[in-house]
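Hi,

Here is the structure I promised to pass on. Have a look at it first, and my notes follow underneath.

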Amino acid sequence: MTDAPDGRPRPAQQWRHRGVRGVAIARDAGVRGWRWWARNWDRLVAALQDEAPVGSAAAPSPPGPLVEQRDAPRLIAVPARGYVYSFYVRATFAWSSPASLRSEVLSWYVQYFQANAIQRLTRLAADAARDLPPHRAGDLEVALQRALAEDPLWHYQRGDITLTCRPDAAVRLDERIMPALQPHVDRLVKLEYQFEEQMRRARYAEQLSRQWATILSVHADEDADLADARDHMLTANREAARWIAELLHRHANPAPEPPPPTPTPPV
């Protein structure tokens with residue numbers, strides 16, 4: 001078949017060329033698609049499982065189980081003795097699972113069990129705070145940490161999945177009680193500073209007395225007055241050391257405050 005007088009292919013030949021070109025394009029696209037599927041098939045299969053994708057570009061998995069740390073969405077308020085003021089507990093939970101879970105799967109289970117963990121910690125804090133006055137936040141934190149140490153891992157299960165939770169807590173004072181406590185705290189800080197200053201002076205005086213006693217001991221055999229001064233200084237040193245030891249003991253173990261006197265009924 002010859003071309004048209006103007007040199008262009010005849011219509012039948014044009015359709016034949018288009019068909020051959022379409023078949024070639026489809027064949028090339030099919031080859032490229034097959035090569036893409038061959039390269040990425042393992043990644044697609046692994047993405048649908050609870051495992052990380054396998055391949056040269058995949059990041060290495062960290063050793064050990066995956067751990068997700070969550071804070072409680074708000075401070076947990078538990079009433080102090082008298083139910084007028086409250087303690088506020090800042091709670092943190094570290095979640096993990098012995099099973100190999102993806103991070104988004106672990107996050108879903110953490111979200112599911114978080115309310116149960118917060119409720120359990122709230123009960124522990126409320127039991128410990130019920131008999132404490134509202135300014136004893138430190139005692140509540142110690143009691144709560146002791147209770148958590150006795151049972152450090154909490155376990156939750158849904159179906160075949162088991163999650164382990166390690167709780168932690170810190171306690172804050174009620175802000176309404178801070179203005180009432182601040183004058184007493186300031187006074188205690190001042191007394192503590194004065195006590196430390198007196199202890200430093202006492203230790204310095206004792207050290208200086210020992211030095212003089214050593215100097216006098218060198219010449220004590222030559223003069224009876226020096227010997228008497230040395231003995232007097234050593235006796236004073238022993239009395240000062242005993243006084244310092246008693247003062248330290250009373251400071252470390254303060255005596256309990258006496259109970260208020262019971263009023264006598266009128267006759």
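I started with helix 3, where the buried residues are Ala137, Leu140, Leu144 and Leu148. They cover an arc of only 70° around the axis, so they sit on the same side of helix 3. Turn to the other side of this helix and you'll find Ala149 and Glu150, both exposed. Keep in mind throughout that this is a predicted model.

What lies over that buried side of helix 3? The cover includes strand 2 (76-79), strand 3 (86-96), helix 2 (103-129), strand 4 (154-158) and strand 5 (161-172).

The length of helix 3 checks out too. It runs over residues 137-150, and at 1.5 Å a residue those 14 residues should span 20 Å; the end C-alpha atoms are 20 Å apart, which agrees.

One more residue to click on there is Gly138, also in helix 3. Gly138 is partly exposed, because its relative accessible area is 44%, and partly exposed means between 20% and 50%. Gly138 and Arg172 are 34 residues apart in sequence, yet their C-alpha atoms are 8.4 Å apart in space.

Now for helix 2. With 27 residues at 1.5 Å each, helix 2 should span 39 Å, and its end C-alpha atoms are 36 Å apart, which agrees. Helix 2 does bend, by about 40° at Phe113. Phe113 is also one of the buried residues of helix 2, and others among them are Val105, Leu106, Tyr109, Val110, Ile118 and Leu121. Covering the buried residues of helix 2 are elements including strand 1 (67-71), strand 2, strand 3, helix 3, strand 4 and strand 5.

That brings me to the nonpolar cores. In soluble globular proteins, nonpolar side chains tend to be buried together. Here the largest nonpolar core has 33 residues, and the ones touching the most other members are Val78, Phe87, Phe93, Trp95 and Leu121. Strand 2, strand 3, helix 2, helix 3, strand 4 and strand 5 each give two or more residues to this core, and helix 2 gives the most, with 11 residues.

If you'd like one residue to zoom in on, try Leu121. Leaving aside residues up to four places away in sequence, Leu121 touches Ile76, Ala91, Phe93, Leu144, Leu148, Trp154 and Ala169. Two of those contacts, Leu144 and Leu148, are on the list of buried residues of helix 3.

Apart from this core lies another, of 5 residues, with Phe195, Ala202, Ile244 and Leu247 among them.

Shout if anything is unclear.

Cheers

Notes: Residues are numbered from 1 along each chain as its sequence is written. This is a predicted model: local features need pLDDT of at least 70, side-chain atom pairs count only at pLDDT 80 or more; totals for chains, interfaces and linings use all residues. Side-chain values use heavy atoms; hydrogens and water are left out. Helices (H or I, at least four residues) and strands (E, at least two) are DSSP runs, numbered from the N terminus. The expected span of a helix is 1.5 Å times one less than its number of residues. Buried means under 20% relative accessible area, exposed over 50%, partly exposed in between (1.4 Å probe, protein chains only). The arc is that of the directions from the helix axis to the C-beta atoms. Contact means heavy atoms within 4.5 Å. The bend at a residue is the angle between axes fitted to the seven residues ending there and the seven starting there. A nonpolar core is a set of buried Ala, Val, Leu, Ile, Met, Phe, Trp, Tyr and Cys residues joined through side-chain atoms within 4.5 Å.
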